[in-house]
Amino acid sequence: MTTEEHKSLAEVQNFEGKYPKQIWRLFFSEMWERFCFYGMRGMLVFFMITQLNFGEKEANLQYGATQAFVYAFTFIGGLFADKILGFRKSLFFGGILMIVGSVLLSIDTHQFFFFGLAFIIIGTGFFKPNISTMVGELYKDGDNRRDAGFSLFYAGINLGAFLGGYICVAIGKGYMLSSVIDEAHRWNVAFGLAALGMLISLINFQFTKHELGPIGLQPGHPDAIVKTKPLPKWVEYAVYIGTLLLVPLIQIMVSKTEYTDYFMYTIGPLTLIYLFYEMSKVESKERHKLIAALIFILFSIVFWGIYEQSGGSLSIFAAHNLNDSVMGGAFRLDPNGVNNSGGAFFIILLAPLFGLLWLWLAKRKMEPNTIIKFGLGFIFLGLGFYVLYATRFFAVEGMTSLDIFTTALLVITIGELCLSPIGLSIMTKLSPAKLQGIMMGMWFLASAYGQYVAGLIGAGMAEAREGDSLMDKLVTYTDGYKQLGLYALIAGVVLILLSPMIKKLMHGVN
């Protein structure tokens with residue numbers, strides 16, 4: 001009888017029911033990794049302004065730079081996983097680096113701020129694209145349960161984001177556990193929790209590997225899905241050593257945002273050149289699919305550039321212009337915590353329903369194709385930013401309603417559910433097996449450009465607000481959100497109009 005560890009790929013993919021059992025284990029590992037990442041992300045701008053005395057413009061640029069490097073390194077992590085480490089070893093190495101970075105921040109947040117961030121940035125690059133790719137490998141080509149699986153997996157991502165996004169910043173600000181954690185150590189504990197979350201993620205993954213069959217094995221392994229010659233062991237060690245040698249360089253580049261500009265001007269063209277080189281080696285049908293994937297990637301840059309105001313300008317907006325009253329005063333919550341975790345909370349509620357909705361529509365041959373889902377994502381994103389604009393009509397002396405703000409997060413979340421989990425799925429559908437890690441990395445590289453653009457937009461808003469009253473600041477921000485809402489609606493309409501052309505390139509992939 002075949003053991004779990006030695007199952008073939010066909011045996012792993014031949015599962016009954018809506019979801020493969022392995023997805024629950026990967027769900028749990030990703031949940032705790034996202035607790036670590038979103039805990040750090042949620043604290044970043046507020047910590048820089050209140051603890052490191054950064055100006056608001058500088059904090060937005062720094063946020064954009066840090067997030068851009070995080071997602072840019074997912075391309076590099078995907079490349080090394082494809083060619084050298086395999087998804088499993090890449091994921092584990094990345095997790096160790098994230099733990100080291102979070103521990104450094106918990107020991108001395110001020111002294112090790114950029115040093116710790118450098119470890120977290122590189123570690124996330126090795127971890128993030130590879131677990132998503134392994135989820136895609138659980139499904140056969142053409143399995144219409146794949147979108148539902150990615151929607152469930154996306155709920156795991158956001159359960160971690162919800163917990164880390166609220167708990168870490170709330171502890172740092174003193175909204176939680178202030179009676180047992182003295183003020184001098186709140187931020188140390190907050191960053192320490194991020195390290196604990198990552199440790200739980202890695203322990204869980206160690207108990208998951210035996211259930212994955214050949215999925216994620218290192219290139220050259222006799223049971224690996226893509227057959228290649230084994231690489232010398234020194235090549236793997238060179239990746240580990242070279243990565244550690246990069247940490248001081250990344251520390252410098254992250255701390256000085258002008259280096260981010262040079263990096264982003266360079267990495268995009270270089271990765272496109274490399275992708276075109278790889279595309280030249282595949283047959284025409286696969287090349288068309290990769291072109292379609294590239295169109296989705298380019299549109300996603302626009303989406304994330306608008307969406308990711310949540311970690312930058314919306315973080316400052318929440319700190320200055322939102323009250324802490326929810327449901328007419330029934331609850332009082334930290335507005336920064338709501339901003340960091342509200343979207344994730346709504347995804348936890350809605351993602352399983354969206355997954356079931358896609359299955360229900362698919363059975364009746366009514367499911368919209370991926371292109372239409374993408375377009376709907378932009379339209380709901382635009383409507384959500386118009387709701388953010390509407391918060392100005394509920395303001396009293398520059399302070400506005402947390403309830404209306406939360407409603408905006410709900411609408412934006414519906415847009416995210418139409419696009420982001422489907423984006424992860426479509427990258428695996430449109431990419432040949434030997435390029436899946438690279439294309440997943442390209443998807444996250446597009447997020448890097450989105451984060452970079454988001455930082456520039458947020459910095460522009462902050463620059464226009466220096467010295468203004470609270471009401472003036474609110475008006476400036478909400479004017480900006482109205483403009484971003486318009487851009488999102490236009491992008492959604494354009495994408496839907498282009499859908500017939502893109503559909504031809506996809507050669508039947510829905």
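These are my notebook entries on helix packing, salt bridges and two loop residues in a predicted model.

**Entry 1: H3 against H8**

I began with the packing of helices H3 and H8. I found their axes 10 Å apart, at an angle of about 30°. Angles under 35 degrees count as roughly parallel, so I logged H3 and H8 as roughly parallel to each other. I noted the crossing of H3 and H8 as left-handed.

Next I listed who makes the contact. From H3 I wrote down Leu 61, Gln 62, Ala 65, Ala 68, Phe 69, Ala 72, Phe 75, Leu 79 and Lys 83. From H8 I wrote down Thr 257, Thr 260, Phe 263, Met 264, Thr 271, Tyr 274 and Glu 278. I then sorted the residues of the contact of H3 with H8 by class: 10 are nonpolar, four polar and two charged.

**Entry 2: Lys 83 and Glu 278**

Lys 83 and Glu 278 both appear in the contact list for H3 and H8, and I checked the pair for a salt bridge. Lys 83 does form one with Glu 278, with the closest N and O atoms 3.7 Å apart. I placed Lys 83 in helix H3 (residues 56-107) and Glu 278 in helix H8 (residues 257-279), with their positions 195 residues apart in the chain.

Are the partners buried or exposed? I read 37% relative accessible area for Lys 83, which makes Lys 83 partly exposed. Glu 278 has 4% relative accessibility and counts as buried. I also followed the shared partners: salt bridges join Lys 83, Glu 278 and Lys 281 into one network.

**Entry 3: H8 against H9**

I stayed with H8 and turned to its packing with H9. Their axes come within 10 Å and cross at roughly 160°. That angle makes H8 roughly antiparallel to H9. I recorded the crossing of H8 and H9 as right-handed.

Which residues meet here? On the H8 side I have Leu 272, Leu 275, Phe 276 and Met 279. On the H9 side I have Arg 287, Leu 290, Ile 291 and Leu 294. By class I counted seven nonpolar residues, no polar ones and one charged in the contact of H8 with H9.

**Entry 4: salt bridges to H2**

How many salt bridges are there by this rule? I have 10 in the count. I looked up two that involve helix H2.

Glu 308 pairs with Arg 41, and I read 2.7 Å between the closest N and O atoms. I found Glu 308 in the loop between helix H9 (284-307) and helix H10 (313-321), and Arg 41 in helix H2, so this pair ties together parts that are 267 residues apart in sequence. Both ends are under cover. Glu 308 is buried at a relative accessible area of 4%. Arg 41 is buried at 5%.

Glu 211 pairs with Arg 25, and here I read 3.9 Å between the closest N and O atoms. Glu 211 sits in the loop between helix H6 (186-206) and helix H7 (233-255). Arg 25 belongs to helix H2 (residues 22-50), 186 residues apart from Glu 211. I logged Glu 211 as buried, with a relative accessible area of 12%. Arg 25, at 29% relative accessibility, I logged as partly exposed.

**Entry 5: H12 against H15**

I moved on to H12 and helix H15 (residues 470-497). They pack at about 165°, with their axes 7 Å apart. Over 145 degrees counts as roughly antiparallel, so H12 and H15 went down as roughly antiparallel to each other. I noted a left-handed crossing for H12 and H15. I split the residues of their contact into 19 nonpolar, five polar and two charged.

**Entry 6: Thr 391 and Arg 392**

Last, I looked at the loop that follows H12. I placed Arg 392 between helix H12 (370-390) and helix H13 (402-430). Thr 391 is in the loop between H12 and H13 too.

I read 0% relative accessible area for Thr 391, which is buried. Arg 392 also counts as buried, at 17% relative accessibility.

I then set aside neighbours within four places in sequence. Thr 391 is in contact with Phe 317, Thr 400, Ile 404, Phe 405 and Thr 478. Arg 392 is in contact with Met 471, Leu 474, Val 475, Thr 478 and Asp 479. Thr 478 thus turns up in the list for Thr 391 and in the list for Arg 392. I also took one C-alpha distance: Thr 391 and Phe 405, 14 residues apart along the chain, are separated by 6.7 Å.

Conventions: Residues are numbered from 1 along each chain as its sequence is written. This is a predicted model: local features need pLDDT of at least 70, side-chain atom pairs count only at pLDDT 80 or more; totals for chains, interfaces and linings use all residues. Side-chain values use heavy atoms; hydrogens and water are left out. Helices (H or I, at least four residues) and strands (E, at least two) are DSSP runs, numbered from the N terminus. Buried means under 20% relative accessible area, exposed over 50%, partly exposed in between (1.4 Å probe, protein chains only). Contact means heavy atoms within 4.5 Å. Axes are lines fitted to C-alpha atoms, for helices over the stretch in contact, and angles run from 0 to 180 degrees between N-to-C directions. Angles under 35 degrees count as roughly parallel, over 145 as roughly antiparallel, 65 to 115 as roughly perpendicular and the rest as oblique. A crossing is left-handed if the near helix is turned anticlockwise from the far one by less than a right angle, and right-handed if clockwise. Ala, Val, Leu, Ile, Met, Phe, Trp, Tyr, Cys and Pro count as nonpolar, Asp, Glu, Lys and Arg as charged, and the others, Gly among them, as polar. A salt bridge is a side-chain nitrogen of Lys or Arg within 4 Å of a carboxyl oxygen of Asp or Glu.
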